[in-house]
Amino acid sequence: MNNVSIFWTQLAASVFVLTVIAVWYVWPALTKLPLKSALTILLFAHVPRYVGMTLLVPGMVDSKLPSAFLSSAAYGDLLEAGLALACIFLLRTNWRVAIPLVWVTNTWGFVDLVIGVRGLLQINLPSYDLGTFWYIYIFYAPVVLVTHLLIFLALVKAKSWRI
């Protein structure tokens with residue numbers, strides 16, 4: 001197998017395994033919590049997206065990677081991390097704008113993730129030297145994807161959720 005095949009195999013396996021964990025264990029546990037607590041737990045998975053700034057550190061990934069891709073990924077992730085943290089504080093302090101901001105944050109983060117995947121495909125990212133950043137793409141990105149979907153699900157079901 002080459003790098004590209006291994007990357008996509010690992011990415012698919014991570015998405016599958018994390019989805020099973022989410023369906024069997026995470027979602028049932030979250031539904032027993034108040035909505036704001038469930039959202040807070042899920043949002044905490046997005047706070048470490050500031051790690052994406054590592055893409056801008058010289059020598060961390062292949063210098064041949066397009067700078068536009070790296071900047072978009074790094075700053076998009078940083079914004080999502082900041083928004084997720086702001087949502088957590090607003091949820092914990094019961095601000096009225098908390099749930100609408102979670103909608104905005106999760107939509108932004110999901111769109112940023114989709115844009116990142118599109119860029120990943122366009123430049124054939126796994127063909128570059130990603131160093132240790134490989135693990136971010138094949139493990140943490142699937143965590144982000146699955147939690148985005150769980151947040152959307154919780155928000156859609158919010159009216160019937162225990163407050």
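How many positive and negative side chains does the protein chain have, and how far apart do the centres of the two sets lie? There are 10 positive and 5 negative side chains, and the two centres sit 22 Å apart. Keep in mind while reading on that this is a predicted model.

**Overall fold**

The protein chain is built from five helices, with zero strands. Written along the sequence, the pattern reads α-α-α-α-α. The chain has a radius of gyration of 17 Å, close to the 15 Å that the globule rule gives for 163 residues, so it is as compact as a globular protein of that length. If you want a box for the C-alpha atoms, take roughly 50 × 30 × 20 Å along the principal axes.

As for burial, 41% of the 163 residues count as buried. On the outside, the chain exposes about 9000 Å², and 71% of that comes from carbon and sulfur atoms. Contacts reach far along the sequence too: take those between residues at least 6 apart, and 81% of them join residues at least 24 apart.

**Helix 2 and its cover**

Helix 2 spans residues 35-44, and its buried residues are L35, A38, L39, T40, L42 and L43. What covers them? The cover includes helix 1 (3-30), helix 3 (67-92), helix 4 (98-123) and helix 5 (133-156). A bit of background helps when reading such a list: an α-helix has 3.6 residues a turn, so residues three or four places apart point the same way.

**Two buried spots in the helices**

Now for A74, which belongs to helix 3. Is A74 buried or exposed? With a relative accessible area of 0%, A74 is buried, because anything under 20% counts as such. Leaving out residues up to four places away in sequence, A74 touches G52, M53, L55 and L56. One of these, G52, is 22 residues from A74 in sequence, yet the two C-alpha atoms are 4.6 Å apart in space.

Over in helix 4 you'll find N106. This residue is buried as well, at 1% relative accessibility. Which residues does N106 touch, once those up to four places away in sequence are set aside? They are H148, I151 and F152.

**Aromatic rings**

The structure holds eight aromatic pairs. Two that involve F7 are set out here.

| Pair | Geometry | Centre to centre | Angle between planes |
|---|---|---|---|
| F7 and W8 | edge-to-face | 5.2 Å | 85 degrees |
| F7 and Y137 | tilted | 6.5 Å | 55 degrees |

Why does the F7 and Y137 pair tie together parts that are 130 residues apart in sequence? Because F7 lies in helix 1 while Y137 lies in helix 5.

The three residues in the table can also be told apart by accessibility. F7 is buried, with a relative accessible area of 0%. Y137 counts as buried at 12% relative accessibility, whereas W8, at 30%, counts as partly exposed. Zooming out a little, ring pairs link F7, W8, F133, W134 and Y137 into a cluster.

**Pulling it together**

So what does the picture look like? The chain has five helices and zero strands, and the buried residues of helix 2 are covered by parts that include helices 1, 3, 4 and 5. An aromatic pair between F7 and Y137 joins helix 1 to helix 5, and buried A74 touches residues including G52 and L56.

Terms used. Residues numbered from 1 in each chain as written. Predicted model: local features only at pLDDT ≥ 70, side-chain atom pairs only at ≥ 80, totals over all residues. Heavy atoms only, no water. Buried < 20%, exposed > 50% of the residue type's maximum accessible area, 1.4 Å probe, protein only. Helix = DSSP H or I, 4+ residues; strand = E, 2+ residues; numbered from the N terminus. Contact = heavy atoms within 4.5 Å. Rg over C-alpha atoms; globule rule 2.2 N^0.38 Å. Areas by Shrake-Rupley, 256 points an atom, 1.4 Å probe, with all protein chains shown as cover. Lys, Arg positive; Asp, Glu negative; His and termini not counted. Charge placed at Lys NZ, Arg CZ, Asp CG, Glu CD. Phe/Tyr/Trp six-rings, centres within 6.5 Å; stacked < 30°, edge-to-face > 60°.
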